[in-house]
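Grab your viewer and a notepad. Here are a few exercises, each with a worked solution.

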Amino acid sequence: TCSMEDDWAPGTIVKTWYKEDEFENGHAVPYQVLLDTVNFIYAPMDDDDCIKKSTASPVPLRFDVGDWVKCKVEGGWEPGMIANTEYREEGLYGGRLVPYEIKLDMGDYVYAPCDNDMFIRKQLRFKAGDRVNCFADDGWMPGTVIETELEDDFEDNGRIVPYQIQLDMGDEIVVQTDDDSYIQHSTLPPVCRGELNGFIHVMSKMLIYNEEYDEAAKMLRERITLIRSKIDNNTNHSDVAFWRVDLSNLLFYSAEMYHAMGSLEEMKAALDEALTLVEISQDKSKRHRLLNVTAKLATHAALTSDKHAALLYSEEAIILAKETTGGHDSFRLGLIMFQCGKLNVACDDRQRGLGQMSEGVEILTRLYGCDNKHVRLATEDLRKICAKIPDDGDDLE
């Protein structure tokens, strides 16, 4: 252990009679020491006020004879195998015992002066891009290796972190130990973003249907928080664009949840943010996502009795629905057309409203036939409105 400013620090002697160019007149100091914190220091005097033998129990070596490792040599890292442990050789480090003798794959023998990731590391089993299963808080979870040999905490404990993993559910975790207790090979294919978002959408709809709103909110909130973090901490423009698409979808799912809960203020906030994200995007799904958000905004406006805003959103949704279907009939187009017609009637544009309602009924009839329950209800609704005599203030044209 070596005397530092405030305390004694444990370490390992690396060299005896150590010299540096800065030392005057070729002076040498008794010891160069590698502290356990991975800092090199030197002991200017060989006395107990400066350096003394540690009374701490020796730390067991990490590797055994036959283990595959890689060693820091001049020019980089080279793979090899442990040939001997606690090795001593005359003339080597002043005859001091070293943790390992290693036979490199190239045939040379080298020595590790300390059992530390600065000099010798385990050969990792996986590389970036490999599919793995990781033991996390919730049990075994599939993911992909995105980085190896992280040195974020290297200065504190002299150890690298073997792996950083992107879990299929979106979280990023680190794996501290490269063994089967924590990380294993996986044969599962990676889950694409679309599949994951689809799963979250289905799960949220199921939870909403079962009125398990707290669970739905927790799942969506966790995913949204993760995506926001990725956007804030990512400088890659294409990655940010992808995450913005995901975030807009998740906000839309949240709006569906708030709609079911009757939380209209939160519903509007989620839709407004989703709309902003969709409008700045340039992906192929933009028109479909814009239709989803616009139609839901029309629903929100109707729920808050803002019939003019509902009408504006509905008219825009009709245009978007026609664009997304290429002009072909669809249930959604027929329904939006019918509902928009009712809003126009309510907003005193009776002639336009009845025309849109009639067109909506025609689309639904072509798709499902006149005996369909929804078609019959829409037809009856149209008949009643047509039969109703407009008030004096109504548009009679």
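What follows is a pair of exercises on overall shape and on aromatic rings.

Before you start: this is a predicted model, where local features need pLDDT of at least 70, side-chain atom pairs count only at pLDDT 80 or more, and totals for chains use all residues. Numbering runs from 1 along the chain as its sequence is written, and side-chain values use heavy atoms, with hydrogens and water left out.

**Exercise 1.** Work out how spread out the chain is against the globule rule.

*Solution.*
- Step one: the rule is 2.2 Å times the number of residues to the power 0.38, with the radius of gyration taken over C-alpha atoms.
- Step two: for 397 residues the rule gives 21 Å, but the chain has 35 Å, so it's more spread out than a compact globule.
- Step three: check the box along the principal axes, which is roughly 110 × 45 × 35 Å for the C-alpha atoms.

**Exercise 2.** Classify the ring pair F23 and Y42, then say how buried or exposed each residue is.

*Solution.*
- Step one: Phe, Tyr and Trp rings (six-membered ring for Trp) pair if their centres lie within 6.5 Å; planes under 30 degrees apart are stacked, over 60 edge-to-face, the rest tilted.
- Step two: the F23 and Y42 centres sit 5.1 Å apart with planes at 75 degrees, so call the pair edge-to-face.
- Step three: F23 lies in the loop between β3 (11-19) and β4 (28-35), and Y42 in strand β5 (residues 40-43).
- Step four: with buried meaning under 20% relative accessible area, exposed over 50% and partly exposed in between (1.4 Å probe, protein chains only), F23 is buried at 13% and Y42 partly exposed at 38%.
- Step five: add Y18, which forms one aromatic cluster with F23 and Y42.

Definitions and conventions: Helices (H or I, at least four residues) and strands (E, at least two) are DSSP runs, numbered from the N terminus.
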